[in-house]
Amino acid sequence: MEKLSLKDAPTPGSPRRGPSLSGPPQGPPQLPPQMFTTAAQLLDLTDKKLMLVLRDGRKLSGILRSWDQFANLVLTNTNERYFVTTTEQPKPRNLYCDVARGTYLVRGENVLLLGEVDLDKDDEPPAGWEQGNADEVFELHRAAEAERKRRDKAKARKAGNLWGGDMEGSGEVLF
């Protein structure tokens with residue numbers, strides 16, 4: 001290993017080691033914009049159409065207009081999308097619908113996932129799904145959520161009896 005001091009000049013063709021004392025001062029190295037993992041990453045997404053999945057399972061799409069350091073988001077022209085699978089015979093159907101919600105404020109801690117919408121594919125239905133009547137899809141979705149909550153409550157009751165404790169409400173997200 002070479003023993004060099006700060007006063008030793010680099011030999012021609014050798015790689016630079018450490019800061020140079022003779023050249024102009026260099027600033028800290030800059031990271032590419034895709035390396036940001038803070039709310040500053042939202043700067044590139046401002047005024048673009050986004051799809052958000054919230055912690056409670058809701059799916060929103062809208063145009064990002066504003067945001068803050070906590071990643072609280074303001075969306076305009078927001079639609080909430082509902083997905084439901086019918087159990088009709090002979091063949092079940094996968095239905096979805098969009099419900100207009102207008103301007104929407106989303107608290108940053110409730111965002112599970114977000115991504116930019118490809119505007120070229122925005123008008124196409126999701127693969128394997130067909131657009132249904134909003135009233136029908138919304139009612140089927142409400143019934144499916146009620147059934148899911150009933151099953152979860154029964155599972156919690158059984159687990160509470162098995163483990164000797166009250167499990168009521170232990171896994172729910174309360175707002």
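**Exercise 1.** Is Asp-98 buried, partly exposed or exposed, and what is its relative accessible area? Place the residue and its salt-bridge partner in this predicted model.

*Solution.* Step 1: Asp-98 has a relative accessible area of 28%. Step 2: the partly exposed class lies between the limits of under 20% for buried and over 50% for exposed, so Asp-98 is partly exposed. Step 3: Asp-98 forms a salt bridge with Arg-81, and their closest N and O atoms are 2.7 Å apart. Step 4: Arg-81 belongs to strand 3 and Asp-98 to strand 4, so the pair ties together parts that are 17 residues apart in sequence. Step 5: Arg-81, at a relative accessible area of 17%, is buried.

**Exercise 2.** Determine how strand 3 pairs with strand 2 and with strand 4.

*Solution.* Step 1: strand 2 (residues 59–67) pairs with strand 3 (residues 73–85) in the antiparallel sense, over seven bridges. Step 2: Leu-73 in strand 3 is the bridge partner of Trp-67. Step 3: five residues lie between the two strands of this hairpin, where Ala-71 takes a positive phi near 65°. Step 4: strand 4 (residues 94–106) also pairs with strand 3 in the antiparallel sense, over eleven bridges. Step 5: Leu-105 in strand 4 stands opposite Val-74.

**Exercise 3.** Describe the salt bridge between Arg-150 and Glu-147.

*Solution.* Step 1: the closest N and O atoms of Arg-150 and Glu-147 are 2.5 Å apart. Step 2: both residues lie in helix 1, three residues apart, about one turn of the helix. Step 3: Arg-150 is partly exposed at 49% relative accessibility, and Glu-147 is partly exposed at 31%.

Definitions and conventions. Residues are numbered from 1 along each chain as its sequence is written. This is a predicted model: local features need pLDDT of at least 70, side-chain atom pairs count only at pLDDT 80 or more; totals for chains, interfaces and linings use all residues. Side-chain values use heavy atoms; hydrogens and water are left out. Two strands pair if DSSP finds at least two bridges between them. Helices (H or I, at least four residues) and strands (E, at least two) are DSSP runs, numbered from the N terminus. A salt bridge is a side-chain nitrogen of Lys or Arg within 4 Å of a carboxyl oxygen of Asp or Glu. Buried means under 20% relative accessible area, exposed over 50%, partly exposed in between (1.4 Å probe, protein chains only).
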